Amino acid sequence: MTPTDPLTDVRTPPRRHTVLISGAGIAGPALAFWLNRYGYAVTVVEKARALRSGGYPVDVRGTALEVVRRMGILPRLRDTHVDLRRLTFVDADGGEVASADPHAVAGSVPGRDLEVRRGDLTEALYRAVRDDVEFLFDDSVDTLDQSHHGVDVTFRGGGRRTFDMVFGADGLHSRTRESLFGPEEQFHRYLGYCFAGFTMPNTFGLSHEIMMWNTPGRAAALYAVGDSDEVHAFLNFAHPEPPTSFGAFRQPGAQRDLVAATFADGGWEVPGMLAAMRDADDLFIDVVSQIRMPRWSSGRVALVGDAAYAPSFLTGQGSSLALVGAYMLAASLADRDHAAGFAAYEDSTRAFVTLNQDQIGEGEATLFPTTARGLERRNDMLRRLAGSSTPPATEGRPAHSALTLPVR
Ligand SMILES: Cc1cc2nc3c(=O)[nH]c(=O)nc-3n(C[C@H](O)[C@H](O)[C@H](O)COP(=O)(O)OP(=O)(O)OC[C@H]3O[C@@H](n4cnc5c(N)ncnc54)[C@H](O)[C@@H]3O)c2cc1C
């Protein structure tokens, strides 16, 4: 029943719970959408000046497809589907090893699972919430102070506000996680690789396809999303220890030098890729890692997406876990307080997350073998796959659909 204000005898609506979400990537806007749907007053703070619109293609598969369908953005995403048609592997000298169906390699289902540019996904999510949710760009949380009545937040831009709950959707190197649970290293599971991604001119005539060059421990790939005059270039390399001190590794000069030194004697298109990397203005370099945490919340603050359970791109499930996690977190809070809601979120979602994170083990990345013997085994597997007349899968990997969304 709506309460009555005794002074004016006017019926006042119940106070909406206020929440702050840090990060407008994939998990952040998806969580904002569902919390707004359940009656929360939502603010999203994003450190970038605007929505980060660029980016490599990402997959939306299995249970995550049902999340975007329930959000009403599935048709829009279908229109932006990348429709990759061929995946060609070449050896050290550039000779073809095998040309395979990308769906067979990735374990996805043609005609059902989606592959979209990351920017198209973030844009679709943002459009679905921007009229109902407050977005603060070019700002970020400075301090979080929890008390029994809420979370006092100060912003780098100078603002100060109190929210009922705060959510960290701020990615692999989450600051929310660090301020709540301490240094990243405790939760960081390094998978033995580093990578660099950037765009460069499509002087190769590639269209709707990936070409990948491998030597033991090194891979270079050119990814043509459509008939565009640009390709996504990708350099992945084994590095037994994480480049110590993530801080130093994050310095652009040191990053470029490490990648250039690792690929210095590269063949195929690698020298041209290294030259393009030097000039790229969208270069993104990072470690290939997972985040594994015993708990995803503390008090009135909870984590979602890569911040809580990054699976690494080796699983191809980062975006799907972010979408499903956001849905499950909001659904868990729809009719519970924060303590019960956060417990329900972990109970209902952890097994799905772990199953998907376990799709890859340390140093075992199927597409990126680190030894000559491993590479030969992988190439045999690819040749068998390319020569097989097995019809395309109608079911994806069981892990992708291992959670049934609750109906609300
Ligand atoms: C090279 C590469 C290839 C990938 N390929 C795939 C793939 O094929 N399939 C797939 O599903 N996934 C893939 N992923 C992973 C996928 O992009 C992520 O797992 C997914 O985006 C996770 O979403 P998120 O919202 O949790 O985090 P993010 O997308 O990282 O978003 C975090 C957001 O928080 C913002 N932010 C960070 N810090 C702060 C702060 N302090 N304050 C405010 N805002 C902040 C960031 O600017 C960003 O907008 C790939 C990742 C990489 C790097």
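Here is a quick tour of the ligand site, the salt bridges and the confidence of this model. The structure is predicted, and its chain averages a pLDDT of 90. The ligand sits among 31 surrounding residues, and one salt bridge, between arginine 49 and aspartate 138, gets a bullet of its own below.

**Around the ligand**
- Of the 31 residues that surround the ligand, the closest are Ala27, Glu46, Arg52, Arg118 and Asp306.
- Sorted by class, that shell holds 13 nonpolar, ten polar and eight charged residues.
- Three elements, β4 (41-46), β5 (57-60) and α11 (318-333), each bring at least two residues to the shell.

**Polar contacts to the ligand**
- Arginine 118 uses its side chain: an N or O atom there is 2.5 Å from an oxygen atom of the ligand.
- Aspartate 306 takes part through its backbone, with an N or O atom 2.8 Å from a ligand oxygen.
- Serine 319 also offers a backbone N or O atom, 3.0 Å from an oxygen atom of the ligand.
- On its own the ligand would expose 990 Å², and the protein buries 89% of that.

**Salt bridges**
- The whole structure has 19 salt bridges.
- In one of them, arginine 49 pairs with aspartate 138, and their closest N and O atoms are 3.6 Å apart.
- Arginine 49 is in the loop between β4 and β5 and aspartate 138 in the loop between β9 (134-137) and β10 (141-147), so this pair ties together parts 89 residues apart in sequence.

**How far to trust the model**
- A pLDDT of at least 70 is reached by 93% of the residues.
- Residues 1-8 stay under 50, and the model gives them twelve contacts beyond four places in sequence.
- Where pLDDT is low, don't read the predicted coordinates in detail.

Definitions and conventions:
Residues are numbered from 1 along each chain as its sequence is written. This is a predicted model: local features need pLDDT of at least 70, side-chain atom pairs count only at pLDDT 80 or more; totals for chains, interfaces and linings use all residues. Side-chain values use heavy atoms; hydrogens and water are left out. A residue is near a molecule or strand if one of its heavy atoms lies within 4 Å of it. A polar contact is a pair of N or O atoms within 3.5 Å; within protein, one must be able to donate a hydrogen and the other to accept it, and residues adjacent in sequence count only if both atoms are side-chain atoms. Accessible areas come from the Shrake-Rupley method with a 1.4 Å probe; for residues, only the protein chains shown count as cover. Helices (H or I, at least four residues) and strands (E, at least two) are DSSP runs, numbered from the N terminus. Ala, Val, Leu, Ile, Met, Phe, Trp, Tyr, Cys and Pro count as nonpolar, Asp, Glu, Lys and Arg as charged, and the others, Gly among them, as polar. pLDDT is the predictor's confidence in each residue, from 0 to 100. Contact means heavy atoms within 4.5 Å. A salt bridge is a side-chain nitrogen of Lys or Arg within 4 Å of a carboxyl oxygen of Asp or Glu.
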